[in-house]
Amino acid sequence: MGIDPAEYDDVQDALEAVEERAEGVGATEVLTDEFVDDHTEFSSLEAFVDASPVPSVADLDASPTGALDEFVADHTEFVDYDNMIDTAVSDWVDSEIDLAVGSA
């Protein structure tokens, strides 16, 4: 299985579309309920935030505090909030690429 050389332009267009969608994506887009359920003690982003030191879901896009890093280390499989976000972004990008290339 591989990409037919004639499809390279379509794949490149699809990847460029993913890159454009990625601009401005915040924590609420990448920290899906599925991601939270798979990687934390919580079944949803809302439950995660309710138990965390973060006042609201909207505040997740602000710079994380030491208290949030400690909470993430204690209640997830990640060492800190940055590690959690990096993994969530990577998963989101992989999913978007799969969708984009699949439709190309």
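## Contacts, helices and a pocket in a predicted model

Among contacts in the chain between residues at least 6 apart in sequence, 54% join residues at least 24 apart. The model is a predicted one, and the chain it describes has 104 residues, of which 30% are buried. Its secondary structure amounts to six helices and zero strands, giving the pattern α-α-α-α-α-α when read along the sequence.

Helix H5 is a convenient place to start. It spans residues 66–75, and within it Leu 68, Phe 71 and Val 72 are buried. These residues cover an arc of only 100° around the axis, so they sit on the same side of H5. On the face turned away from that buried side are the exposed residues Gly 66, Glu 70 and Asp 74. Glu 70, with a relative accessible area of 53%, is classed as exposed because the cut-off for that class is over 50%. In space, Glu 70 is 9.8 Å from Ser 52, C-alpha to C-alpha, while 18 residues separate the two in sequence.

Ahead of H5 comes the loop that connects it with helix H4 (45–51), and Ala 62 lies in this loop. Ala 62 has a relative accessible area of 42% and is partly exposed. The C-alpha atoms of Ala 62 and Gly 26 are 9.8 Å apart, although the two residues are 36 apart in sequence.

The aromatic side chains offer another way through the fold. Searching the whole structure gives four aromatic pairs. One of them is formed by Phe 35 and Phe 78, which are stacked, with 5.9 Å centre to centre and 10° between the planes. Phe 35 belongs to helix H3 and Phe 78 to the loop between H5 and H6, so this pair ties together parts that are 43 residues apart in sequence. Are these two rings buried or exposed? Phe 35 has a relative accessibility of 5% and counts as buried; Phe 78 is buried too, with a relative accessible area of 5%. Both values fall in the buried class because that class takes in residues under 20%.

Phe 42 and Phe 48 make up an aromatic pair with an edge-to-face arrangement, their centres 5.8 Å apart and their planes at 80°. Phe 48 is buried at a relative accessible area of 0%. Phe 42, at 15% relative accessibility, also counts as buried. Ring pairs link Phe 42 and Phe 48 with Phe 71 into a cluster. Phe 71 is one of the buried residues of H5, and the cluster therefore includes a residue from the side of H5 on which its buried residues lie.

Phe 35 leads on to the largest pocket, since this residue is part of the pocket lining as well as of the stacked pair. The volume of the largest pocket is about 160 Å³. Its lining consists of Val 30, Thr 32, Glu 34, Phe 35, Asp 38, His 39, Ala 88, Asp 91, Trp 92, Ser 95 and Glu 96. Which helices each supply at least two residues of this lining? They are H3, covering residues 33–39, and H6, covering residues 81–103. H6 gives the most, with five residues. Sorted by class, the lining has four nonpolar, three polar and four charged residues. The charged residues include Asp 38 and Asp 91, while Val 30 and Trp 92 are among the nonpolar ones.

Helix H3 thus appears in two settings: it supplies residues to the lining of the largest pocket, and its Phe 35 is paired with Phe 78 from the loop between H5 and H6.

Terms used: Residues numbered from 1 in each chain as written. Predicted model: local features only at pLDDT ≥ 70, side-chain atom pairs only at ≥ 80, totals over all residues. Heavy atoms only, no water. 1 Å grid on protein atoms, 1.4 Å probe; cavity = no way out; pocket = protein on both sides within 12 Å on 5 of 7 lines; lining within 4 Å. Points joined across faces, edges and corners; volume = space filled by probe spheres on them. Helix = DSSP H or I, 4+ residues; strand = E, 2+ residues; numbered from the N terminus. Buried < 20%, exposed > 50% of the residue type's maximum accessible area, 1.4 Å probe, protein only. Arc of directions from axis to C-beta. Phe/Tyr/Trp six-rings, centres within 6.5 Å; stacked < 30°, edge-to-face > 60°. Contact = heavy atoms within 4.5 Å.
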